[in-house]
Amino acid sequence: MAILPILVAPDPRLKTKAKPVEAVDEDLRRLIDDMLETMYDAPGIGLAAPQVGVLLRLLVLDVAGKDEPPAPMAFVNPEIVWESEEMSVYEEGCLSIPSHYAEVERPAQVKVRYLDRDGQKQEVLADGLLATCLQHEIDHLDGKLFIDYLSSLKRNMILRKLKKETTRETA
Ligand code: NI
């Protein structure tokens with residue numbers, strides 16, 4: 001297993017639509033394990049493949065509470081097939097937008113169809129943190145970030161700060 005470098009906005013790869021996974025094979029399972037290790041190391045509760053520069057429709061997450069055993073999950077080619085009219089608001093963050101948080105309103109429940117790490121078709125009816133996290137990560141697969149839900153004024157302020165920080169690090 002390996003810890004992969006996480007891209008930080010405004011990297012253009014984070015704004016690119018990812019392609020469907022064609023085969024759930026050993027290479028993909030290795031990528032899933034590396035992404036999980038990268039996510040736990042960060043630490044974060046979700047990570048999408050484009051965040052590590054792989055433009056495939058794949059994400060991992062673990063929304064288990066602090067006192068619960070780890071519950072790693074992998075979603076290959078996830079698709080939202082139903083969303084509730086009821087909405088909920090969570091304060092979201094993102095490993096690709098470090099140190100910035102904002103409230104985002106999304107459907108409170110979603111039904112997601114996906115393939116698991118064995119390539120088996122699965123469906124989950126998610127609510128609470130899992131529903132929010134799944135929607136946030138699936139957005140990554142379409143090149144969408146949580147700051148895209150904010151006003152352009154707020155979004156540009158965050159992007160300017162991130163750009164300044166990244167330039168400073170590499171200077
Ligand atoms: Ni994110």
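Modeller: A contact here means that heavy atoms lie within 4.5 Å. The model under discussion is a predicted one.

Colleague: With that definition, what share of contacts between residues at least 6 apart in sequence join residues at least 24 apart?

Modeller: In the protein chain, 64% of the contacts between residues at least 6 apart join residues at least 24 apart.

Colleague: Which elements make up the protein chain, and in what order do they run?

Modeller: The protein chain has three helices and seven strands. Read from the N terminus, their order is α-β-β-β-β-β-β-β-α-α.

Colleague: What makes the radius of gyration of the protein chain agree with that of a compact globule?

Modeller: The value for a compact globule of 171 residues would be near 16 Å, and the protein chain has 16 Å; therefore the two agree. Along the principal axes, the C-alpha atoms fill a box of roughly 45 × 40 × 35 Å. Buried residues account for 41% of the 171 residues.

Colleague: Which residues coordinate the nickel ion?

Modeller: The donors are Cys94 through SG, His136 through NE2 and His140 through NE2, at 2.1 to 2.3 Å. A donor atom must be within 2.8 Å of this metal, so these atoms qualify. The spacing of the donor residues in sequence is C-x41-H-x3-H. Cys94 and His136 link distant parts of the chain, being 42 residues apart: Cys94 is in the loop between strand 4 (87-92) and strand 5 (102-107), while His136 is in helix 2 (residues 128-141).

Colleague: Why is His140 called buried?

Modeller: Buried means under 20% relative accessible area. His140 has 1% relative accessibility, and therefore counts as buried. Cys94 and His136 are both buried as well. His140 lies in helix 2, and among the residues that His140 touches are Thr16, Ala48, Pro50 and Cys94.

Colleague: How do you know that Val81 is partly exposed?

Modeller: The partly exposed class lies between the limits of 20% and 50% relative accessible area. Val81 stands at 33% relative accessibility, so Val81 counts as partly exposed. Val81 is found in strand 3 (residues 73-83).

Colleague: What makes Val81 eligible for a surface patch, and which residues form that patch?

Modeller: A patch residue needs over 30% relative accessible area, and Val81 has 33% relative accessibility, so Val81 passes that cut-off. Val81, Trp82 and Leu125 form a nonpolar patch on the surface, and together they have about 290 Å² of accessible area.

Colleague: How much area does the protein chain expose?

Modeller: The protein chain exposes about 9,700 Å², of which carbon and sulfur atoms supply 51%.

Note on methods: Residues numbered from 1 in each chain as written. Predicted model: local features only at pLDDT ≥ 70, side-chain atom pairs only at ≥ 80, totals over all residues. Heavy atoms only, no water. Patch = residues over 30% accessible without salt bridge, like charges linked within 9 Å, V, L, I, M, F, W, Y side chains within 5 Å. Areas by Shrake-Rupley, 256 points an atom, 1.4 Å probe, with all protein chains shown as cover. Salt bridge = Lys/Arg side-chain N within 4 Å of Asp/Glu carboxyl O. Helix = DSSP H or I, 4+ residues; strand = E, 2+ residues; numbered from the N terminus. Buried < 20%, exposed > 50% of the residue type's maximum accessible area, 1.4 Å probe, protein only. Rg over C-alpha atoms; globule rule 2.2 N^0.38 Å. Donors = N, O, S within 2.8 Å, 3.2 Å for Na, K, Ca; no water. Lists of a residue's contacts leave out its neighbours within four places in sequence.
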